[in-house]
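Let's take a walk through a two-chain model together. Keep the viewer open as you read, and rotate it whenever a new element comes up.

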Amino acid sequence: MDFSGLTDTPEQAELRTAVRGFLASAPENPWKRLTGELGLTALAVPESLGGADATLAEVMVAVEETGRVLAPVPYLPTALAAAILAEAGVEDFVPGLADGTLTAALALGPGVTTFSGDADGGKLSGTVRNVLDGPEADVFLVRVAGALVAVRAADAAVTPVETLDQTRGQALVRFTGAPAVRVGDGDFADRAEGLLWTALAAESAAAAAQCLSRCVEYLKTRVQFGRPIGEFQALKHRCADLAAELESAWMTAHAAVRAALSDPEEFAIAAPLAKRYCADAFFRAAAEMIQLHGGIGFTWEHDAHRYLKRAKSTQLLHGTPAELRTLIARRAGLLPA
Amino acid sequence: MESSLNEFRSEVRSWLNENLSGEFAHLIGMGGPGREHELVGERLEWERRLGSGGWIGLGWPEADGGRGLSWEHQVIFYSEYARAGGPGRVGHIGEQLLGPTLLAHGTPEQKARFLPGILNGTEMWCQGYSEPDAGSDLANVRTRAGLRDGQWHIDGQKVWTSLAHHADWCFVIARTEPGSSRHKGLSYLLVPMKQDGIEVRPIVQLTGTSEFNEVFFDDAVTDSSHVVGEPGEGWKVAMGTLAVERGVSTFGQQLGFQREFDAVLAAARENGAIDDPAVSARLTDAWTGLRVLRYTAEGTLGAADPGGAANIAKLLWANWHRDLGELAVDVLGPDATVADPGYDLSDEQRLFLFTRADTIYGGSNEIQRNVIAERLLGLPRGR
């Protein structure tokens, strides 16, 4: 299932085809080639800093395609960090992130960090858990009270942790008076978090669409009772419900992308809403993938479990469904702020 | 483009301001889904007012009497209409179903005869598709018609016909080739309603009111020229009508949904139900669901390839609306179990009951799922 035809510009469709084709070729050293050859982390970086001068919408296309196949590359945080730093006008790290020699991780959730310093820099202390793609990162973007700061991994204590979802690593990161560069104020940190929600939504919508595609292919070829099981209405209807949910998830993620580019007020709602809606849809798609594949879907050998674990982890990190629901209710004025 | 759209919006606004007032002021908010029986006479007048203002057939070609406006313009019209609380349309079956069918398949004579009545709001239409044995299985048509002495003679029964007792004409699918079956041998006939051979009987629904009717044809007649497309090719023509049973009016529909949601929210605040976290969670989910409907409609409307989008949209909004109906009465609690004398239902009760129809009419949820599975996903048809 692929809903990109509903949203892509011709240039985005071309980019998507290139990334998808490249990932399908099972490349060796994919990170080096995704960044160097295809220049994907440089998409939303200005030309003056070694970038391609495209927009976040193009970054999201690449996020979707790497997410669709759960590519084991730190694309999402690195490309986003490059875009966020460039948007803030902070040049530190940007050329390295843009050419892929550096990777980043985003520690934007609630942490226990303190920051003392000014516009020129300062010292960061505290601990952040569940930092996605943290073990390999060279740079951390960290949210502190009233600011967003950047810190070199070399100045932090990074402990990799074993994760339920083995497609994306996590680290426990400790900062003890680490030198930090100020990137932006609290509002800017909110925007960075919104962009992360948007990217997770887009990634989830794409990975969910892949789950449905895999189910449909299986139902067309798996024969029981003398017929492809896709003829059975009980299974068809589950796929149809999923298709409806996933098309709306795709559109919701893309509404957040559009808002990120042009409508800050709408973005404040659309970003958390998209993260919650798309991560939930992804989880249902992955759960259905296991059920519709029957026994084979329960094996380690089949990759349905990788999608299930990725989906659940995405749901629970950077705002659980319940937390985001409350946030949305407040931002929408349904509940007192 | 942007400025022309803004101008158009203010044109629509000021026209509605001026006209949805005075004699028509009491129509505001009337006659929506589940309330089709309200003030029909006045709403028929309102259709003529809309027609004389040039607000019917906005997207139709100018050569056929329309205004040739883009879908962006139409979205603005429907949105402003909903925002102003414009009454439920009585002429929508002619404008949105028959009109586009005639534009696609009608002869020049048919267009000249029937389009002006729709555009002026002077001739009302109803749809004669469903039959007692042809609901989801629409091709199982039993109503038959034969050509004698320059006229089609029609015998049979249609059901779930909205507004039949107010309509001047009905578009009917009838079997015109004796012995044919399924999709073959059907014709698409235009039949005058005001004649001895037609009897209309209202169906009392679970709301206690009647939006729908049974229509009995007992040697009803229509002129031999009133067949759209070739005789025997009626299925193809009818499917075209179903394909247009959606479109830009979606945005107006969603503003109506928003108003309904706002009323439920206000009720929850007033009686304190919102203080229950389970209720506030459901309210937030309903609000979120409506946003998602909007994002989905916005995304699919302008897109080049909305394959299957119509079926997905129907499934999504029907489920959302039904759930809102349940939430509306749940918010009221015990109060929702009591009706006013004469089974006069509250808005919440009406919403709760009438939305049971949403997941059935215009292709039931199950039919939508079959279509999505087979056409969009390419799953094999059962044997």
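The paragraphs below go from confidence to overall form, then to domains, sheet pairing, individual residues and the contact between the chains.

A word on trust before anything else: this is a predicted model. For the complex, the predictor reports an ipTM of 0.95 together with a pTM of 0.92. In chain B the average pLDDT is 91, and 95% of the residues reach at least 70. If you colour chain B by confidence, two of its elements mark the ends of the scale: helix α6 (residues 234-243) of chain B has the lowest mean pLDDT, 80, while strand β8 (residues 227-228) of chain B has the highest, 98.

Staying with chain B, let's look at its overall form. Its secondary structure amounts to 11 helices and 8 strands. Computed along principal axes is one way to think of extent, and here the C-alpha trace of chain B spans about 70 × 50 × 50 Å. How does the radius of gyration of chain B compare with that of a compact globule? A compact globule of 383 residues would have a radius of gyration near 21 Å, and chain B has 21 Å, so the two agree. Of those 383 residues, 43% count as buried. The contacts in chain B also reach far along the sequence: among those between residues at least 6 apart, 72% join residues at least 24 apart.

Now turn to chain A, where the domain assignment gives domain 1 (4-99), domain 2 (104-185) and domain 3 (189-331). The C-alpha centres of domain 1 and domain 2 of chain A are 22 Å apart. Where these two domains of chain A touch, 14 residues of domain 1 are in contact with 14 residues of domain 2. On the domain 1 side, helix α4 (residues 75-88) of chain A gives the most, with 7 residues. That side of domain 1 of chain A divides into 12 nonpolar residues, 1 polar and 1 charged.

Next, find strand β7 (residues 170-185) of chain A, and follow its pairings one by one. Strand β3 (residues 121-132) of chain A runs antiparallel to β7(A), and 8 bridges join them. In this pairing A:G126 stands opposite A:F175. Strand β5 (residues 147-152) of chain A is also antiparallel to β7(A), with 5 bridges, and here A:A147 stands opposite A:D185. Strand β6 (residues 157-161) of chain A pairs with β7(A) in the antiparallel sense over 5 bridges; the bridge partner of A:A157 in β7(A) is A:R174.

One residue of β5(A) deserves a closer look: A:A150 lies in that strand. Is A:A150 buried or exposed? A:A150 counts as buried because it has 23 C-beta neighbours inside 10 Å, and the cut-off for burial is 20 or more. Leaving aside neighbours within four places in sequence, A:A150 has contacts that include A:L85, A:V90, A:D92 and A:F93, as well as A:A180, A:V181 and A:V183. The C-alpha atoms of A:A150 and A:L106 are separated by 9.5 Å, with their positions 44 residues apart along the chain.

Two aspartates are worth a stop for their backbone angles. As background, most residues other than glycine have a negative phi. A:D53, however, has a phi near 60 degrees, a positive value. You will find A:D53 in the loop between α2 (30-37) and α3 (56-68) of chain A. With 13 other C-beta atoms within 10 Å, A:D53 is partly exposed. The second case is B:D219, whose phi is near 55 degrees and likewise positive. B:D219 sits in strand β7 (residues 213-223) of chain B. B:D219 has 11 other C-beta atoms within 10 Å and is therefore exposed, given that the limit for exposed is 12 or fewer.

Finally, bring both chains back into view. How many residues does each chain give to the contact? Chain A gives 32 residues and chain B gives 30 residues. On the chain A side, α6 (186-221), β9 (227-228), α7 (233-262), α8 (264-293) and α10 (321-331) each supply at least two residues. The largest share of that side, 14 residues, comes from α7(A). By type, the residues of chain A that touch chain B divide into 17 nonpolar, 8 polar and 7 charged.

Notes
Residues numbered from 1 in each chain as written. Chains lettered and ligands numbered in written order. Predicted model: local features only at pLDDT ≥ 70, side-chain atom pairs only at ≥ 80, totals over all residues. Contact = placed C-beta atoms within 7 Å. Helix = DSSP H or I, 4+ residues; strand = E, 2+ residues; numbered from the N terminus. Nonpolar A, V, L, I, M, F, W, Y, C, P; charged D, E, K, R; others polar. Rg over C-alpha atoms; globule rule 2.2 N^0.38 Å. Domains from an automatic or database assignment. pLDDT = per-residue confidence, 0-100. Pairing = 2+ DSSP bridges.
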